[in-house]
Amino acid sequence: MILLLLSCTEPAHEGRLEIEGVFAGPVSVSRETMTVDIPIDATLTVNFSEAVDATTTSSVSLRGPLGIVPVTMNLITQTSLLIFPNQPLTNASVYQLSISDELKGARGQRFSGATIPFRTVVGSLSLVEVSI
């Protein structure tokens with residue numbers, strides 16, 4: 001007698017969703033150390049290893065010296081998320097781009113979460129008036 005056991009379970013989600021690169025305009029932003037001199041009007045781009053589930057992008061936030069920064073986000077491709085601050089950032093200030101582990105890949109891949117710090121460029125000083 002031969003006993004044959006078959007299973008009808010779904011396969012586990014393959015792989016993990018990873019960040020492949022972060023950019024502020026044309027400037028590459030480090031995930032390990034603080035990147036400095038980021039323009040205050042830069043659009044942030046996060047490139048992922050796999051397609052992102054668009055319904056989970058609310059897990060992305062930008063925090064600055066005054067708290068959460070209002071942003072508009074768009075997936076320009078299945079793997080690239082653009083983050084537009086709704087107004088210019090503050091000069092010489094530290095910001096954190098946070099992506100929680102609630103972000104998922106389009107096939108259910110899990111993301112481990114990330115916090116990416118950066119500092120904006122120091123503003124320029126201009127002489128407006130001289131009085132003697």
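The legends below describe close-up views of a predicted model.

**View 1. Overall chain: twelve strands and no helices.**
The secondary structure of the chain comes to 0 helices and 12 strands. Read from the N terminus, the elements run β-β-β-β-β-β-β-β-β-β-β-β. The chain has 132 residues, of which 32% count as buried. Its accessible surface is about 8,700 Å², and carbon and sulfur atoms hold 55% of that area. Among contacts with a separation of 6 or more, 66% are made by residues 24 or more positions apart.

**View 2. The open sheet with mixed pairing, order 4-12-10-6-7.**
Five strands make up this open sheet, and their pairing is mixed. Strand 4 and strand 7 (67–68) are the edge strands, each pairing on one side only. Strand 4 covers residues 35–38. Strand 10 spans residues 94–99, and strand 12 spans residues 114–120. At the other edge, strand 6 (residues 60–64) pairs with strand 7 in the antiparallel sense over 2 bridges. Gly64 has Gly67 of strand 7 as its bridge partner.

**View 3. The open antiparallel sheet, order 3-2-5-9-8.**
This open sheet also consists of 5 strands, and the pairing is antiparallel. Its edge strands are strand 3 (27–28) and strand 8, each of which pairs on one side only. Strand 2 (residues 19–24) runs antiparallel to strand 3, and 2 bridges join them. The bridge partner of Ala24 in strand 3 is Val27. Strand 5, which lies between strands 2 and 9 in the sheet order, covers residues 44–48.

**View 4. The hairpin of strands 8 and 9.**
Strand 8 (residues 71–77) and strand 9 (residues 80–85) pair in the antiparallel sense over 6 bridges. The hairpin joins the two strands through 2 residues. Val71 stands opposite Pro85 of strand 9. In the sheet order 3-2-5-9-8, strand 8 is an edge strand.

**View 5. Edge-to-face pair of Phe48 and Phe111.**
The count of aromatic pairs in the model comes to 2. In the pair of Phe48 and Phe111, the ring centres are 6.0 Å apart and the planes meet at 80°; planes over 60 degrees apart count as edge-to-face, so this pair is edge-to-face. The two rings link distant parts of the chain, with Phe48 in strand 5 (residues 44–48) and Phe111 in strand 11 (residues 110–111), 63 residues apart. Phe48 has a relative accessible area of 2% and is buried, because the cut-off for buried is under 20%. Phe111, at 4% relative accessibility, also counts as buried.

**View 6. Stacked pair of Tyr95 and Phe118.**
The ring centres of Tyr95 and Phe118 lie 5.8 Å apart, with the planes at 15°; planes under 30 degrees apart count as stacked, so the pair is stacked. Tyr95 belongs to strand 10 (residues 94–99) and Phe118 to strand 12 (residues 114–120), so the pair ties together parts that are 23 residues apart in sequence. Tyr95 counts as buried at 3% relative accessibility, and Phe118 counts as buried at 2%. Strands 10 and 12 are both members of the sheet with order 4-12-10-6-7.

**View 7. Surroundings of Leu97 in strand 10.**
Leu97 is buried, with a relative accessible area of 1%. Leaving aside neighbours within four places in sequence, Leu97 is in contact with Val22, Leu44, Val46, Val60, Ser61, Leu62, Ile83, Ala114, Thr115 and Ile116. One of these residues, Leu44, is 53 residues from Leu97 along the chain, and the C-alpha atoms of the two are separated by 9.1 Å.

**View 8. Nonpolar surface patch of Met34, Val36 and Val94.**
These three residues, Met34, Val36 and Val94, form a nonpolar patch on the surface, and together they have about 210 Å² of accessible area. Val36 is found in strand 4 (residues 35–38), which is an edge strand of the sheet. At 43% relative accessibility, Val36 counts as partly exposed, because this class lies between the 20% limit for buried and the 50% limit for exposed.

Key:
Residues are numbered from 1 along each chain as its sequence is written. This is a predicted model: local features need pLDDT of at least 70, side-chain atom pairs count only at pLDDT 80 or more; totals for chains, interfaces and linings use all residues. Side-chain values use heavy atoms; hydrogens and water are left out. Rings of Phe, Tyr and Trp (its six-membered ring) pair if their centres lie within 6.5 Å; planes under 30 degrees apart count as stacked, over 60 as edge-to-face and the rest as tilted. Helices (H or I, at least four residues) and strands (E, at least two) are DSSP runs, numbered from the N terminus. Buried means under 20% relative accessible area, exposed over 50%, partly exposed in between (1.4 Å probe, protein chains only). Patches are made of residues with over 30% relative accessible area and no salt bridge: like charges are joined within 9 Å, nonpolar side chains (Val, Leu, Ile, Met, Phe, Trp, Tyr) within 5 Å. Accessible areas come from the Shrake-Rupley method with a 1.4 Å probe; for residues, only the protein chains shown count as cover. A salt bridge is a side-chain nitrogen of Lys or Arg within 4 Å of a carboxyl oxygen of Asp or Glu. Two strands pair if DSSP finds at least two bridges between them. Contact means heavy atoms within 4.5 Å.
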